[in-house]
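Colleague: Could you take a close look at one part of this model for me? I'd like the helix and whatever it leans on, then the annotated site.

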Amino acid sequence: MKKKAIVCVDDESIILDSLGEQIKNIFGDEYLYEAAENAEEGLEVIEELTEEEVDVLVIVSDWLMPGKKGDEFLIEVHKKFPKIVKVMLTGQADEAAINNAIKNAELHAYISKPWSAEDLEKVIKTGLSKIENQE
């Protein structure tokens, strides 16, 4: 059976640690959890996992990061990996960026910081069920 992964991208390591902990509390060992601190690293992680035949199912990305903003990053991911469910987690995205990601990256959901574990769980689970319905 193919391994499956959830990838989180945020320039703050404390956020990545918190997300990782919450995802592991929700899903246990059902999914691999990978983290990246910027868009470029995030894309590398997705490409490496894909080469290792790991299915990346969900990506949770911050919006305001050095280098490339989250909406631009998610659009790039969508072009290369259209089946990945894309979630933006941020306290600072403007409406235009969210609409850009919805229109051009099929953004599944937007979660505001600070977020609740319940919101994170609900968004990831609805994203995963969306994938199951496509198969």
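Modeller: Right after α4 comes Glu106, with a positive phi near 50°. Keep in mind that this is a predicted model. Helix α4 itself covers residues 95-105, and its buried residues are Ala97, Ile98, Ala101 and Ala105. These four sit on the same side of α4, because they cover an arc of only 100° around the axis. What do they pack against? The buried residues of α4 pack against α3, β4 (85-90) and β5 (107-112). Flip to the face turned away from that buried side and you find the exposed residues Glu95, Ala96 and Lys103.

Now for the annotated site. The unreviewed UniProt entry puts "modified residue: 4-aspartylphosphate" at Asp62. You'll find Asp62 in the loop that runs between β3 (55-61) and α3 (70-80). Is Asp62 buried or exposed? Its relative accessibility is 3%, and buried means under 20%, so Asp62 counts as buried. Leaving out residues up to four places away in sequence, Asp62 touches Val9, Asp10, Asp11, Gly70, Met88, Leu89, Thr90 and Lys113.

One step back along the chain, Ser61 belongs to strand β3. Ser61 is buried too, with a relative accessible area of 0%. With that same sequence cut-off, the contacts of Ser61 are Val9, Gly70, Phe73, Leu74, Val87, Met88 and Leu89.

How values were computed
Residues are numbered from 1 along each chain as its sequence is written. This is a predicted model: local features need pLDDT of at least 70, side-chain atom pairs count only at pLDDT 80 or more; totals for chains, interfaces and linings use all residues. Side-chain values use heavy atoms; hydrogens and water are left out. UniProt positions are given in the numbering used here, feature names are shortened, and annotations may be inferred rather than shown by experiment. Helices (H or I, at least four residues) and strands (E, at least two) are DSSP runs, numbered from the N terminus. Buried means under 20% relative accessible area, exposed over 50%, partly exposed in between (1.4 Å probe, protein chains only). Contact means heavy atoms within 4.5 Å. The arc is that of the directions from the helix axis to the C-beta atoms.
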